[in-house]
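Trainee: Hi! I'm new to this one, could you walk me through it?
Mentor: Happy to, let's open it up.

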Amino acid sequence: MRKAFKGTFIVAGGYNREEGNEVVAKGGADLVAFGRLFLANPDLPRRFELNVVLNKYDRNTFYTQNPVVGYTDYSFLYPTP
């Protein structure tokens with residue numbers, strides 16, 4: 001797909017930090033989206049910067065009607081001010 005499309009190319013789907021960096025470095029994409037990882041790690045850019053352990057996401061809480069479980073209950077690496 002990258003060869004066929006000459007605009008800004010975004011990939012997604014199961015990439016971790018290393019794989020995302022690699023696909024961009026090799027020219028396979030311009031950007032990488034991290035949907036599930038962002039859901040479970042609201043501070044994902046900081047975690048990537050520090051190369052620390054990520055929270056694991058729970059698919060059972062995706063798209064739930066519960067306003068407390070899933071999108072809002074994952075912990076931050078550091079408390080927010």
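Mentor: We'll go through this predicted model a piece at a time.

Trainee: Great. What does UniProt list for residues 2-52?
Mentor: The UniProt record, an unreviewed entry, lists those residues as "domain: NADH:flavin oxidoreductase/NADH oxidase N-terminal". In the model, residues 2-52 are 43% helix and 12% strand. The C-alpha atoms at the two ends of that stretch are 30 Å apart.

Trainee: Let's look at H1. Which residue caps its N-terminal end?
Mentor: That is Asn-16, just ahead of the helix, which covers residues 17-25. A side-chain oxygen of Asn-16 lies 3.1 Å from the backbone nitrogen of Glu-18.

Trainee: And what follows H1?
Mentor: Gly-27 does, and its phi is positive, near 85°. Gly-28 is in the loop between H1 and S2.

Trainee: How accessible is Gly-28?
Mentor: Its relative accessibility is 26%, so Gly-28 counts as partly exposed, a class that starts at 20%. The C-alpha atom of Gly-28 is 8.3 Å from that of Phe-9, although 19 residues separate the two along the chain.

Trainee: What about Thr-8, where is that?
Mentor: Thr-8 is in the segment before strand S1, which spans 10-12. Its C-alpha is 7.8 Å from that of Ala-29, with the two residues 21 apart in sequence.

Trainee: Is Thr-8 buried or exposed?
Mentor: Exposed, because its relative accessibility is 56% and the cut-off is over 50%.

Trainee: Switching topic: how many aromatic pairs does a search of the whole structure find?
Mentor: Three. One of them joins Phe-34 and Phe-48 in an edge-to-face arrangement, with 5.0 Å centre to centre and 80° between the planes.

Trainee: Where do those two sit in the chain?
Mentor: Phe-34 is in the loop between strand S2 (31-33) and helix H2 (35-40), while Phe-48 belongs to helix H3, residues 44-50. They are 14 residues apart, and the pair links distant parts of the chain. Both Phe-34 and Phe-48 are buried.

Trainee: Now pockets. What volume does the largest pocket have?
Mentor: About 160 Å³. Its lining is made of Ala-12, Gly-13, Gly-14, Tyr-15, Ala-33, Phe-34, Gly-35, Arg-36, Leu-37 and Tyr-57. You'll recognise Phe-34 from the aromatic pair with Phe-48.

Trainee: Which element gives the largest share of that lining?
Mentor: Helix H2, with three residues. Sorted by class, the lining has six nonpolar, three polar and one charged residues.

Trainee: Let's finish past H3. What is phi like at Asn-51?
Mentor: Phi there is near 55°, a positive value in a residue other than glycine. Asn-51 lies in the segment after H3. Its relative accessible area is 49%, so Asn-51 is partly exposed, as exposed would take over 50%.

Trainee: And Asn-55, buried or exposed?
Mentor: Buried, because its relative accessible area is 17% and the limit is under 20%. Asn-55 is also found in the segment after H3.

Trainee: What lies 2.8 Å from a polar atom of the Asn-55 side chain?
Mentor: The backbone oxygen of Ala-40. According to its range of 35-40, helix H2 ends at residue 40.

Trainee: Thanks, that gives me plenty to look at!
Mentor: Any time.

Note on methods:
Residues are numbered from 1 along each chain as its sequence is written. This is a predicted model: local features need pLDDT of at least 70, side-chain atom pairs count only at pLDDT 80 or more; totals for chains, interfaces and linings use all residues. Side-chain values use heavy atoms; hydrogens and water are left out. A polar contact is a pair of N or O atoms within 3.5 Å; within protein, one must be able to donate a hydrogen and the other to accept it, and residues adjacent in sequence count only if both atoms are side-chain atoms. Helices (H or I, at least four residues) and strands (E, at least two) are DSSP runs, numbered from the N terminus. Rings of Phe, Tyr and Trp (its six-membered ring) pair if their centres lie within 6.5 Å; planes under 30 degrees apart count as stacked, over 60 as edge-to-face and the rest as tilted. Buried means under 20% relative accessible area, exposed over 50%, partly exposed in between (1.4 Å probe, protein chains only). UniProt positions are given in the numbering used here, feature names are shortened, and annotations may be inferred rather than shown by experiment. On a 1 Å grid over the protein atoms alone, a cavity is a set of points where a 1.4 Å probe fits but cannot get out, and a pocket is an open set with protein on both sides within 12 Å along at least five of seven lines; lining residues have an atom within 4 Å of a point. Grid points are joined across faces, edges and corners, and a volume is the space filled by probe spheres set on the points. Ala, Val, Leu, Ile, Met, Phe, Trp, Tyr, Cys and Pro count as nonpolar, Asp, Glu, Lys and Arg as charged, and the others, Gly among them, as polar.
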